[in-house]
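Biologist: I am new to this one. Walk me through it, and tell me how each label is earned.

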Amino acid sequence: MKRAISFAVLLIAASLKISAQEVVQNNVKPVENALNQVTKLQPVSFNYDKTWAEKLKLSTKPQYGFVGTDAKTAFPEIISVQAKNYASGKNAFKNATITKVDYESLVPLLVASIKEQQEQIEQLRAEVNSLKSRNTK
């Protein structure tokens with residue numbers, strides 16, 4: 001009996017085997033000038049207005065993000081404006097808009113800016129070491 005169950009489990013597992021195929025990425029190129037763009041971002045903390053938070057079902061807890069106009073200037077491709085419906089009477093609705101940042105897409109840009117900073121730090125270290133060695137002679 002155990003052998004029949006084991007065989008059945010093996011047969012089911014084999015039939016459910018899904019072949020995965022990697023999705024091809026096109027136009028792959030390094031992110032450049034990220035540090036210049038990231039420095040345009042103004043990190044802020046904020047709360048949504050209580051009335052709007054209730055209408056739009058948003059959290060009233062403190063939020064962290066960026067000033068929308070700064071983020072849109074720096075990285076327009078990761079900013080979207082989301083329309084949310086809210087009740088404005090019996091069977092009546094209105095729209096309000098919220099600027100959203102795609103934080104997942106922001107991560108590679110932040111990594112690129114850190115790498116650019118590290119490159120600058122290494123260049124400055126080399127320059128400092130060069131100046132030190134000149135002064136000790």
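Modeller: Start with the pocket, and keep in mind that this is a predicted model. Strand S4 gives the largest share of the lining of the largest pocket, five residues.

Biologist: Which elements give two or more residues to the lining of the largest pocket?

Modeller: They are strand S2 (63-66) and strand S4 (93-101). The volume of the largest pocket is about 270 Å³. It is lined by 13 residues, and Phe46, Tyr48, Ile98, Thr99 and Tyr103 are the closest to its centre.

Biologist: What classes of residue make up the lining of the largest pocket?

Modeller: Seven are nonpolar, five polar and one charged.

Biologist: How many aromatic pairs does the rule give?

Modeller: The count is three. One of them joins phenylalanine 46 and tyrosine 48, with ring centres 5.3 Å apart and planes at 85°.

Biologist: Why is the pair of phenylalanine 46 and tyrosine 48 called edge-to-face?

Modeller: Two tests apply. Centres must lie within 6.5 Å, and planes over 60 degrees apart count as edge-to-face. The centres are 5.3 Å apart and the planes stand at 85°, so the pair is edge-to-face.

Biologist: Are these two rings buried, exposed or in between, and how do you know that?

Modeller: Buried means under 20% relative accessible area, and exposed means over 50%. Phenylalanine 46 has 28%, so it is partly exposed. Tyrosine 48 has 24%, so it is partly exposed as well.

Biologist: How much of the protein chain counts as buried?

Modeller: Of its 137 residues, 16%.

Biologist: What makes you say that the charged end of lysine 55 sits over the ring of tryptophan 52?

Modeller: The distance is one part of the test: the limit is 6 Å from the ring centre. The charged end of lysine 55 is 4.7 Å from the centre of the tryptophan 52 ring. The direction counts too, within 35 degrees of the ring normal. The contact is listed as a charge over the ring.

Biologist: Why is the contact of arginine 125 and glutamate 122 called a salt bridge?

Modeller: The cut-off is 4 Å from a side-chain nitrogen to a carboxyl oxygen. Here N to O is 3.1 Å, so the contact qualifies. The structure holds one salt bridge.

Biologist: Where do arginine 125 and glutamate 122 lie?

Modeller: Both are in helix H5 (residues 103-135), three residues apart, about one turn of the helix. Arginine 125 is partly exposed at 48%. Glutamate 122 is partly exposed at 38%.

Biologist: And how many helices and strands does the protein chain have?

Modeller: Five helices and four strands. From the N terminus they run α-α-β-α-β-α-β-β-α.

Conventions
Residues are numbered from 1 along each chain as its sequence is written. This is a predicted model: local features need pLDDT of at least 70, side-chain atom pairs count only at pLDDT 80 or more; totals for chains, interfaces and linings use all residues. Side-chain values use heavy atoms; hydrogens and water are left out. Rings of Phe, Tyr and Trp (its six-membered ring) pair if their centres lie within 6.5 Å; planes under 30 degrees apart count as stacked, over 60 as edge-to-face and the rest as tilted. Buried means under 20% relative accessible area, exposed over 50%, partly exposed in between (1.4 Å probe, protein chains only). On a 1 Å grid over the protein atoms alone, a cavity is a set of points where a 1.4 Å probe fits but cannot get out, and a pocket is an open set with protein on both sides within 12 Å along at least five of seven lines; lining residues have an atom within 4 Å of a point. Grid points are joined across faces, edges and corners, and a volume is the space filled by probe spheres set on the points. Ala, Val, Leu, Ile, Met, Phe, Trp, Tyr, Cys and Pro count as nonpolar, Asp, Glu, Lys and Arg as charged, and the others, Gly among them, as polar.
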